[in-house]
Amino acid sequence: MINKKIFQQTEFYLLGIIIVLSFFLTLVNPKFLTLENWFDMLRSNTFLGILALGELVVLISGGIDVSFTATATIAQYIMGLIITTYYIDNVLVAFLIPIPIGIALGAINGILVYYTKAHPVIITISTLNAFFGFLMFFSGGKWIYNFPPSFRNFSRVQLFSLTNPQGVKYGFSIFILIWIILAIFTWVILKYFPIGRKIYAMGGNMEAARRAGFNIFRVQLFVYCFMGALAGLASFVHASLNQMIQPNSLVGGELDVLAAVILGGASVFGGSGSALGAFLGVLLIAIIKNGLILMKASAYWHEVIMGAIIVVAAGISAYQRKSQAKREGEILVQ
Amino acid sequence: MSQKIEEDQKKPYLVLQNASKRYGGVVALDGVDLTILPGEVHGLVGENGSGKSTLVKIITGVVRPEKGAKVEISGQKVEIANPFDAFRLGIYVVHQDLSLFPNLSVAENIFSHRYLEKAQKLVNWKEIKAEATRVMDKLGVDIDPEIEVSRLSVADQQLVAISRAIAVDARFIILDEPTSSLTRKEVIRLFAFIRELKARNISILFISHRLDEVLEISDRITVLRDGKKVGTFQREEVDKKRLSFLMTGKEISSRPVEAGAYPREEEILRVENLTKKGHYEKISFSLYQGEILGLIGPRGSGRTELALTLFGLNPPDEGKIYFEGKPQVISSNQVAIGLGIGYVPENRLVQGLVLDHSVENNLVITVLDQIINGMGLIDFQKKRSVAEKAVQEFNIKTESMEAPVKNLSGGNQQKVVLAKWILTSPHLLILDTPTHGVDVAAKESIYQSIRELSQKNLSLIFISDEETEVLNNCDRILVMKNGQIIREFSPAEVSEEELRKIILE
């Protein structure tokens, strides 16, 4: 019974693909299957991974958010301005600045989605452009660097470190830990908090959720604010990893996040998806990218592959929906 | 007499007095009274637009009645100002669409109201499962509580929806068209379940177009017509004919087709050994010009799948189709339309019409290439005249050609779909349960149109759930079951009861 359930789940297949792919990549380049490569791979995908958790929650609710890159950029830019202008040499303060900014921008999305009743993809494309336009106007596109030492040092914090045979030190970055904690946090919210169950319910049948008396506005507001909060958090990680804030470096990267979440089993129709799936989805994309680098493929191939992944993953999910409807004895006629 | 005394002793659960509702200038409900006794199944019937849904909306607090209405629950005067009031008073509606969460488990669906509680506790999955199992056991429902609702049949989903009502301690459950997508077997099971609820002193309001079923399950029946209450009757006081009369105010006569009246001359369609794995197998039959061929069988018997094959939307694995004497491969619906085959789908609202568009636009959608001018653009005068002719011919009641189709009554919508296909001057028209969810009077006018079409030498395949309508309207009847045609009759050879038995067996 339990075994059967496991076989039906996307996560199971994802794990299978990850193992097979890892095996082949190791054959091509033995360097792939080293702790050093994996720690590095995970660390550099933390930004993507945290955003994916936020997008996951929005997709489950039946919505979609593509404005998070702009949200993240604004959050990190304001943080950068504050800590460099006032020279605040305290990581905790830096960490806490972008989150409320993200929540505020997320709230704008949530309110617009609820009150305009327009499709969230339209709303968030609009806010993506509006947010980004504001930022470019006020920042003039200027970069921020020269952060206080505590901010610089934080990016080098490792839980434990090792030395490879060539004598180079590497380790398990604090950012990976942040990512994993957030994944577990998201999982707990979705599985054990009433708000999490309401998100699933609403994504499954909006009208039924309304009739059951769920406060749709509150759920939608939560969902977009959660995305905003994680975008803020991710932007801190990104700024810390790169030690530089460029207003135009994040916008345009929405597709990677969507690809990872859809690959992880979230449906664009709402109602399904899991934190583990989103984590594995990011991992698979990270491995594909890493593999392309190890195989020395051109960077443009990354974009082609991301596009292909979305088409395939979304196509499979739509196909499953259709065959399920067929099983129930309905025939879909175009 | 003794029964009457017994009922007088029962204190009514709900008493609604003088409920009226006006929308703008239109009176939707006019001074209606309704009394619901504890543990009774109360049938509610009326044509579309007779005020049934307005009445339900008032009882459930979705709309407020006009001044002067009075509601009592168990003898206490109450106000039902919003759906939550109704919910707290123990009133629960199971909507026609069931309003379940398809992506959640059975247990969680039954339990979902708990998420509304103010104290936000963490979800205890063991408790959810235990509670759902307890509710279902109590009602004798045997469904795995951990299975996802989307994997259940509609009938099982319905039991889940009703179990949910019991989980919130509903005292009065309103079932809105609960049988519309069930097979006869499933209906029998649902009725057993309803009797179980009755035994627990739960009251049921059973709303349905299917008068046979209303008569089968109800203790008392309330009839509405044009927003007014015609009366509440004991089950014994009425029969189907009487109910139809009370609902419409007209004597509706379904006159059977004369036996053997139909001459079989020119064969228009012949199907030989048609097979599609998992849908149907070894289907062979013929259809003659001007004939109305009834295809009856439970849902899932393969009847719709077969119809879709003839319309080119469900290619067969094996077998031959001869149309007008020539073998044909109907590989797409364009091919079918080209041959002169039309198909009016099962769910007219979803598949047959663009609801927000005008009557005129819906009518001409199948003949766009016939109403163009020399430049290949649409000729609006031609378009209007084609549409007007169709509206006249089919007696479609609409305020104007520009009115959106969704404003029309169900029967008139169905006529628009019919007319739309007739405009293509087909040789064969397949009607998939054309009277599904349509009220008595509208049904009769659809039968009328069908008979007229057959007199114009059009051949029809009439797919149906209802024994009566195929017996009264078809020249020949095929019974389909488990993907096969099991019997063929002429209507004179078989009675309604016999036919029902054969289908159920």
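In this predicted model, chain B has a radius of gyration of 25 Å, and that agrees with the value near 23 Å expected for a compact globule, because the chain has 505 residues. Put along its principal axes, the C-alpha trace of chain B stretches over about 70 × 50 × 50 Å.

What is chain B built from? The count comes to 18 helices and 20 strands. Of the 505 residues in chain B, 44% are buried. The contacts also reach a good way along the sequence: taking the pairs in chain B that sit at least 6 residues apart, 69% of these contacts join residues at least 24 apart.

Next come the domains. The domain assignment splits chain B into domain 1, covering 2-248, and domain 2, covering 267-504. Between the C-alpha centres of these two domains of chain B there is a distance of 34 Å. As for where they meet, 11 residues of domain 1 of chain B are in contact with 10 residues of domain 2 of chain B.

Which helices help make up the domain 1 side of this meeting place in chain B? Both α7 (184-199) and α9 (240-248) of chain B put in at least two residues each. The biggest share of that side comes from α9(B), with 3 residues. Sorted by class, the side of domain 1 of chain B that touches domain 2 of chain B holds 7 polar residues, 3 charged ones and 1 nonpolar one.

Methods: Residues are numbered from 1 along each chain as its sequence is written. Chains are lettered from A and ligands numbered from 1 in the order in which they are written. This is a predicted model: local features need pLDDT of at least 70, side-chain atom pairs count only at pLDDT 80 or more; totals for chains, interfaces and linings use all residues. Helices (H or I, at least four residues) and strands (E, at least two) are DSSP runs, numbered from the N terminus. The radius of gyration is taken over C-alpha atoms; the globule rule is 2.2 Å times the number of residues to the power 0.38. A residue is buried if 20 or more other C-beta atoms lie within 10 Å of its own, exposed if 12 or fewer, and partly exposed in between; C-beta atoms are placed from the backbone. Two residues are in contact if their C-beta atoms, placed from the backbone, lie within 7 Å. Domain bounds come from an automatic or database domain assignment. Ala, Val, Leu, Ile, Met, Phe, Trp, Tyr, Cys and Pro count as nonpolar, Asp, Glu, Lys and Arg as charged, and the others, Gly among them, as polar.
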